[in-house]
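Here are a few exercises to work through with the model open beside you. Try each task before you read its solution.

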Amino acid sequence: MSEALTLDGGPCILSQEDLNLIASTLGVRYQVEDNLSNGRTLFTASLTLTNGCSVTLGYSPSSLWSIYFSHLRMVEPHFLPQDDGVDLEHAGVRLSHHSSCIFKLSPLKSFTPLHQGQSLTFQFNAQHYSASRSDILPNWYIHIEGLQPRIIKSTTGESLDFVGPFDTPKRYKRFDYTLPSGKRRYDIYQPFTPEVRFFRYPEDKSSSVHMKIVIPTPVHYDVRSDRTVTITTQFWKISCQDQFLKEAHYLSEKSGISLSKETLSSCDYDKKPAKIIALREADVRPALAGCLRLEAYEVMVDTSSEYIQISANTATGAFYGVQTLLSLLAPSYNKASGIVADCVVQDAPRFPYRGMHVDVSRNFQPKEEILRLLDRMATYKMNKLHFHLSDDEGWRLEIPGLPELTEIGSKRGHDLKEDTCLLPMLGSGPFPHGLGCGFYSVDEYKEILQYANDRHIEVIPEIDMPGHSHAAIRAMTVRYDRLMAQDKQAEAERFLLSDPSETASGHVYSVQMLSETAMNPGLQSTFTFIDKVITELKELHQDIQPLRIFHLGGDEVPFEAWDDSPACLALVESGEVHAMGGLMQYFVTRVGQLAHQHGLDLAVWQDGVVEKDSGPYKRSKFPNSNVLTYFWRNVWETGQAYEAYKLANAGYQVVLAPGTHLYFDHPHEPDPEERGLYWACRFIDTHKVFLFAPDNLMSNADVKLTGEKITKSDLKVLEELEDFTELRKPENIQGIQGQIWTELIRTPEQFHSMIFPRLIALAERAWHRAAWENMDDRSRKSIQESDWSSFAHTLAHKELMRLEAANIPYHIPPP
């Protein structure tokens, strides 16, 4: 048998063994070269391939290789994705876009073969800018038709060692261009030096008395004497009234103190039995207007009687009292575990909604990691888990009766037709297992629900639609093809989410570069599918935590995808929708009606109910008792922050989730070595989260995207905008929520260290209204920084120890 040759006559990849050898030895080097020279539209990167083995890497028609890689920005956007590919003749390679972030590098006939030890370096352009190592995604792989793809070893691992340094301003700054007005727009951020960090994070020399006794800060804390009592697991017992038995068991589990069998219901609390922690029902009224009495509690520590009492109006309040007691018992640098002062704590939260959003669709996190997060949320009295279970890149929940959703939608791998799994997006690699793959079975989801419910946390499931629905669309298309092959047309079309006769939408791309991402509102089957999903979600929740809210997503919809849909055009021609521009309102209001028929409130991201260049849809369009809107788009200089107030004034309930302060997928520092996206601002540290003042949104307007400070004159310009809105219905601001999106988060360690300790600062603001929040600028600063100093001191000397005890990874600034 003759040996296959490259065009120069050398041996090429002939077998699986050859391909394996190439993959294990091929050196790949990716280098961001220049973000600044082409304004904000393009950056330049270089790629170096080095052959490290005896098999030649060249062009051979009989063994044509391709390297597949994920890239966050569109490659060569002047040509792609419109063209099939772009030929870089000087390098002898072709770059092409498949879909989403998947790109392909393949040799042209002019490709100069790479023999062992030889290298090829070439440059290419990509859209916008890339200022961080984590922008570049791992697990590039090489493939030849007929052979198994293989991951290129040099591109594996979370260190991203194949990415070159960000060592010059052109590499780590984002943009430098001139606006039509003639004003220069320049990224002023520099990576923090040790000197900058030294002054930014000064050593806290405050004494232990400046530590917060509990986080989040209680409404009222009074130390009645200098006495303390030591709580020991050997001698102390827990007693409770029957309605607080679950909370008593939780306290016992966390503290190691046993329940007193004799006094569960017969304890004479007025006699203050010694060495007893008692949970009892009582009418607790915190001395602070606006607090939520249903969640109020009181903790009383009587050191002379050696008696502790937790009083509450409800089981939820009792649970928060338990958390405060656990915090009082926790060790810190100046006291041992179990020592509690003679004190009274009276407390209740400022907001009914204190949430954390978790995206498991982009990259999956196993059940155990969600349970760990729920435990920490409970510790800091947070009460909503906004569970983002579906998106373009993954469907993560088993839905009985629709197995394709997880059989196809929960896996990613090298199937370019997506008949067996989704594309290997976000650096998943070619194999449909491991990174980027996974889902929660019915039993696992119920376990998460039970765990959350036991900790008084409501789970709000989100099925993102009509945009961000590629995983669901592909799964239902595979179902359609399977049933059509069995000649079952009616059943095949029952849950279809895309129009089989639709062809033009392939040329419309979402922000994430996907061409098949929007459910079709012209198909009755779309709403049959949504009704089925809501029905199954209700059933999953029913016996554990009855479903109260359905979150439909609604963000970033590429509306142009519907322009050539026969089904959508028919809907408009029928008069049911007045014009193509009315399709989004038609979709969300119809989903709202479906949710209402199931007895559910509705939740949606802000752009799901805010018409472009207009205001919110009329609240009366939705029959639901409550419609929660999640405010996230607030880049200050755009004026979009006023949409939060527009929604509240229009009668929507608003959850504040602004990208500039509460997006925990953003870096902790403006450093290229820090993980994270940076579309809303360059970085968000714990200090910035702590300083967020929910009651006055524009008081948080600190810096522009460039890093320039927002001045009083800038704020005056914003106030003169046509969109300027004052909040007239503050009662509709329901609370705040942190967000973790996982495009760049693959491992549990990354997941938790991006959330913590920022979540603790989030909990502080969600629960406690600080005295400085509504002060004017002159008096605000010193009180604000004093409060921060106390909070930071408590983090350093107590709360981080608690995270470590729970094996929770967290981030602290480098030395």
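**Exercise 1. A proline in a loop**

Task: Locate Pro216, then work out what kind of peptide bond joins it to Ile215.

Solution: Start with the surroundings. Pro216 sits in the loop between α3 (194-200) and β12 (220-230). Next, check omega for the bond between Ile215 and Pro216: about 0°, a cis peptide bond. Keep in mind that this is a predicted model.

Now try the same on Pro466, which belongs to the loop between β22 (458-465) and α9 (470-485). The bond from Met465 to Pro466 is cis too, with omega at about -5°.

**Exercise 2. Overall build**

Task: Decide how the radius of gyration of the protein compares with what the globule rule gives for 815 residues.

Solution: Begin with an inventory, which comes to 20 helices and 27 strands. The radius of gyration is 29 Å and the rule gives 28 Å; those values are close, so the protein is as compact as a globular protein of that length. For the extents, the C-alpha trace spans about 95 × 65 × 60 Å along the principal axes.

Then look inside: 60% of the 815 residues count as buried. Of the contacts with a separation of 6 or more, 75% are between residues 24 or more positions apart. Finish with the outside, where carbon and sulfur atoms hold 51% of an accessible surface of about 31,600 Å². As for charge, there are 80 positive and 107 negative side chains, and the centres of the two sets lie 5 Å apart.

**Exercise 3. A covered helix**

Task: How many residues of α14 (642-649) are buried, and what covers them?

Solution: Go along the helix and count: eight of eight residues are buried, so α14 is mostly covered. Among them are charged side chains, Glu643 and Lys646, as well as Tyr642, Tyr645 and Leu647. Next, look for the cover, which includes the strands β25 (627-631), β26 (653-656) and β27 (733-740), along with helix α17 (712-719). Last, step just past the end of α14, where Gly651 has a positive phi of about 100°.

**Exercise 4. What His143 touches**

Task: Is His143 buried or exposed, and which polar contacts does its side chain make?

Solution: First, place His143 in strand β8 (residues 141-144). Its relative accessibility is 9%, and the cut-off for buried is under 20%, so His143 counts as buried. Now follow the side chain: it reaches the backbone oxygen of Leu147 at 3.4 Å, and it makes a polar contact with the side chain of His414, also listed at 3.4 Å. Setting aside neighbours within four places in sequence, the contacts of His143 are Leu64, Trp65, Ser66, Tyr68, Pro149 and His414.

**Exercise 5. Positive phi without glycine**

Task: Find out where Glu76 and His456 lie, and whether each is buried or exposed.

Solution: Take Glu76 to begin with. Its phi is near 45°, positive in a residue other than glycine, and its loop runs between β3 (65-70) and β4 (86-88). With 8% relative accessibility, Glu76 is buried.

Move on to His456, not a glycine either, with a positive phi of about 60°. It lies in the loop between α8 (442-454) and β22. At a relative accessible area of 18%, His456 is buried.

For contrast, check Gly581 in the loop between α12 (566-573) and α13 (583-597): its relative accessible area is 60%, and Gly581 is exposed.

Notes: Residues are numbered from 1 along each chain as its sequence is written. This is a predicted model: local features need pLDDT of at least 70, side-chain atom pairs count only at pLDDT 80 or more; totals for chains, interfaces and linings use all residues. Side-chain values use heavy atoms; hydrogens and water are left out. Helices (H or I, at least four residues) and strands (E, at least two) are DSSP runs, numbered from the N terminus. The radius of gyration is taken over C-alpha atoms; the globule rule is 2.2 Å times the number of residues to the power 0.38. Buried means under 20% relative accessible area, exposed over 50%, partly exposed in between (1.4 Å probe, protein chains only). Contact means heavy atoms within 4.5 Å. Accessible areas come from the Shrake-Rupley method with a 1.4 Å probe; for residues, only the protein chains shown count as cover. The place of a charge is taken as NZ of Lys, CZ of Arg, CG of Asp or CD of Glu. A polar contact is a pair of N or O atoms within 3.5 Å; within protein, one must be able to donate a hydrogen and the other to accept it, and residues adjacent in sequence count only if both atoms are side-chain atoms.
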